[in-house]
Amino acid sequence: MKAEPESRIVKGNDVKFSISDLKECKTEHWDGVRNYEARNNMKAMKTGDLCFFYHSNCKVPGIAGLMKVVKEAYPDFTAWDPEHPYYDAKSDKEAPKWFMVDVEYVGEFGRLIPLKELQGYSELKEMHLVKRGRLSIQPVTSDEFDFIRSLASLKSEE
DNA sequence: GCCAACGTTGGC
DNA sequence: GCCAACGTTGGC
């Protein structure tokens, strides 16, 4: 799941959200997903599922930490707020178009695992992130998950 | 800030 | 329902 750790202003609001921000607030709703495939991936998530927190659109893009799903997909209310950077006039309350999940902080990796590095592993050649980078919510196979987990430990495990 | 790779829109 | 034009993402 991607978020931008560096400040960027959209419609007067800073959309910055990093693993440290999640650590601080502990749980957060993952709003702003405005792509059908990404939305469908979120709808498939189950409570307790683990997710990687990916830092995108920043100096060193890569995987920053781990979080878990604590609430399954429900309507993204930010789509209904005209003042919100992710407002979508075409989503109404009767038939919500966009959804979000709630995630809880699990841990930050002792080191950020750069995209550059991930691209170099043959084990990850087929990974969505490597093959087709653009999607903001992507599937990870259990083999890919285990492999990436072996590349770094959480700060809490050190 | 460039631009490739997508995704979306809308005329026909 | 095709597809050209346009918009967005995000690494570099």
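**Strands 5, 6 and 7**

I began with strand 5 (residues 50–55) and strand 6 (residues 62–75) in this predicted model. The two strands run antiparallel, and I found six bridges joining them. I looked up the partner of Cys-51 and found Met-67 in strand 6.

I then checked the hairpin that strand 5 and strand 6 form, where six residues lie between the strands. Asn-57 in this hairpin has a positive phi near 55°. I kept Asn-57 in mind for the DNA entries, since I list Asn-57 among the residues surrounding DNA strand C.

Next I followed strand 6 to strand 7, which covers residues 99–114. I found 10 bridges between strand 6 and strand 7, and this pair too is antiparallel. Across this pairing I noted Lys-71, which stands opposite Asp-102 in strand 7.

**The loop between strand 6 and strand 7**

I looked for Thr-78 and found this residue in the loop between strand 6 and strand 7. Is Thr-78 buried or exposed? I noted a relative accessibility of 4%, so Thr-78 counts as buried. The side chain of Thr-78 makes a polar contact of 2.5 Å with the side chain of Asp-76.

**DNA strand C**

I listed the residues surrounding DNA strand C: Lys-2, Tyr-54, Ser-56, Asn-57, Pro-61, Leu-115, Gln-119 and Arg-134. By class I noted three nonpolar, three polar and two charged residues on the surface near this strand.

Which part of DNA strand C do the atoms within 4 Å of the protein belong to? Sugar or phosphate takes 82% of them, and bases take the rest.

I then went through contacts to the phosphate oxygens of DNA strand C. Tyr-54 brings a polar side-chain atom to 2.9 Å from a phosphate oxygen. Asn-57 uses its backbone instead, with a polar backbone atom 2.9 Å from a phosphate oxygen. Arg-134 also reaches a phosphate oxygen through a backbone N or O atom, at 2.5 Å. I noted that Asn-57 is the hairpin residue with the positive phi.

**DNA strand B**

Around DNA strand B I listed Asn-35, Tyr-36, Glu-37, Lys-90, Arg-132 and Arg-134. Of the atoms of this strand that come within 4 Å of the protein, 59% are accounted for by sugar and phosphate. The classes on the surface near DNA strand B are one nonpolar, one polar and four charged.

I checked Lys-90 and found a side-chain N or O atom 3.3 Å from a phosphate oxygen of DNA strand B. Arg-132 has a polar side-chain atom 2.6 Å from a phosphate oxygen of that strand.

What does the side chain of Arg-134 meet in DNA strand B? I found a polar side-chain atom of Arg-134 at 2.7 Å from a base nitrogen. I put this beside the entry for DNA strand C, where a backbone N or O atom of Arg-134 lies 2.5 Å from a phosphate oxygen.

**Salt bridges**

How many salt bridges does the structure hold? I counted eight. Side chains of opposite charge can pair when their charged atoms come close. I looked at some of these bridges in detail.

Arg-132 forms a salt bridge with Glu-37, with the closest N and O atoms 3.0 Å apart. This pair links distant parts of the chain, 95 residues apart. I placed Arg-132 in the loop between helix 4 (128–131) and helix 5 (142–149), and Glu-37 in helix 2 (residues 36–43). Arg-132 counts as partly exposed because its relative accessibility is 43%. Glu-37 is also partly exposed, at 33%. I noted again that Arg-132 and Glu-37 are both among the residues surrounding DNA strand B.

Glu-4 pairs with Arg-8, and their closest N and O atoms are 2.8 Å apart. At 15% relative accessibility, under the 20% cut-off, Glu-4 counts as buried. Arg-8 has a relative accessible area of 35% and is partly exposed.

Asp-21 pairs with Lys-16, where the closest N and O atoms are 3.1 Å apart. I found Asp-21 partly exposed with a relative accessible area of 21%, and Lys-16 partly exposed with 35%.

**Record**

I looked up the UniProt annotation last. The unreviewed entry gives "domain: EVE" for residues 9–150. Over residues 9–150 I noted 22% helix and 30% strand. The end C-alpha atoms of that stretch are 35 Å apart.

Methods. Residues are numbered from 1 along each chain as its sequence is written. Chains are lettered from A and ligands numbered from 1 in the order in which they are written. This is a predicted model: local features need pLDDT of at least 70, side-chain atom pairs count only at pLDDT 80 or more; totals for chains, interfaces and linings use all residues. Side-chain values use heavy atoms; hydrogens and water are left out. A residue is near a molecule or strand if one of its heavy atoms lies within 4 Å of it. A polar contact is a pair of N or O atoms within 3.5 Å; within protein, one must be able to donate a hydrogen and the other to accept it, and residues adjacent in sequence count only if both atoms are side-chain atoms. Ala, Val, Leu, Ile, Met, Phe, Trp, Tyr, Cys and Pro count as nonpolar, Asp, Glu, Lys and Arg as charged, and the others, Gly among them, as polar. UniProt positions are given in the numbering used here, feature names are shortened, and annotations may be inferred rather than shown by experiment. Helices (H or I, at least four residues) and strands (E, at least two) are DSSP runs, numbered from the N terminus. A salt bridge is a side-chain nitrogen of Lys or Arg within 4 Å of a carboxyl oxygen of Asp or Glu. Buried means under 20% relative accessible area, exposed over 50%, partly exposed in between (1.4 Å probe, protein chains only). Two strands pair if DSSP finds at least two bridges between them.
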